[in-house]
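Here's a quick tour of one spot in a protein model, written for someone who hasn't met it before. Have a look at the structure, then read on.

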Amino acid sequence: MPHEDPYAHLATYIEICNTVRIVGVLEGAIRLSLFSFSLSGEAKRWLHSFKGNSLKTWDKVVQKILKKYFAKTKTAEGKAAISSFHQFPDESLSEALERFCSLLRKTPTHGFSKSIQLNIFIDGLKPQSKQLLDASTWGKNKIEDP
């Protein structure tokens, strides 16, 4: 349904699947084999539209379902919130990090690499927090993409 959050559905589904353990079976295989039972209606028809074994891994299913059902406007809003991140005046470094991570979780399809995420976070910090971070990392707080 348009009002449903596919990311929340996946998170709940994974939480349920994590209660099942079968000796010799990988958790991704369990998730993959049970996933269609968590869907209904159009989403179930969409999943069954993939031919043969084109969705062989759990990661591929997650990638496809988020691409299909995570609204482009929601992704754009999330990316804008992430890229414009700034630490609030009375916010501690740990609180800022927690809030930044929350922004990343809310938009799982943001597409920012780990190094870009780190640079966005550091660039959005207050000068005092940057100094604290610089002191704890010997001034090496920028990471370049390979």
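What follows is a short walk around two helices and the residues where they meet.

First, a reminder that this model is predicted. The pair to find is α6 and α7, and the table shows where they sit, along with a neighbour on either side.

| Helix | Residues |
|---|---|
| α5 | 72-83 |
| α6 | 93-106 |
| α7 | 114-123 |
| α8 | 127-136 |

So how do α6 and α7 pack, and at what angle? Their axes lie 11 Å apart and make an angle of about 135°. Oblique angles are those that are not roughly parallel, antiparallel or perpendicular, and roughly antiparallel starts only over 145 degrees, so α6 counts as oblique to α7. The crossing itself is right-handed.

Now for the side of α6 that touches its partner. L93, A96, L97, F100 and L104 do the meeting there, while α7 brings Q117, I120 and F121. Sorted by class, this contact has seven nonpolar residues, one polar and no charged ones. As for spacing, an α-helix has 3.6 residues a turn, so residues three or four places apart point the same way.

Helix α7 has other company too. Its buried residues are S115, Q117, N119, I120, F121 and I122, and they pack against α5, α6 and α8.

What about L118, is this residue buried or partly exposed? L118 belongs to α7, and with a relative accessible area of 29% it is partly exposed, because buried means under 20% and exposed means over 50%. Its C-alpha atom is 10.0 Å from that of F100, a residue 18 places away along the chain.

Conventions: Residues numbered from 1 in each chain as written. Predicted model: local features only at pLDDT ≥ 70, side-chain atom pairs only at ≥ 80, totals over all residues. Heavy atoms only, no water. Axes fitted to C-alpha atoms, helices over the stretch in contact; angles between N-to-C directions. Helix = DSSP H or I, 4+ residues; strand = E, 2+ residues; numbered from the N terminus. Parallel < 35°, antiparallel > 145°, perpendicular 65-115°, else oblique. Left-handed = near helix turned anticlockwise from the far one by under 90°. Contact = heavy atoms within 4.5 Å. Nonpolar A, V, L, I, M, F, W, Y, C, P; charged D, E, K, R; others polar. Buried < 20%, exposed > 50% of the residue type's maximum accessible area, 1.4 Å probe, protein only.
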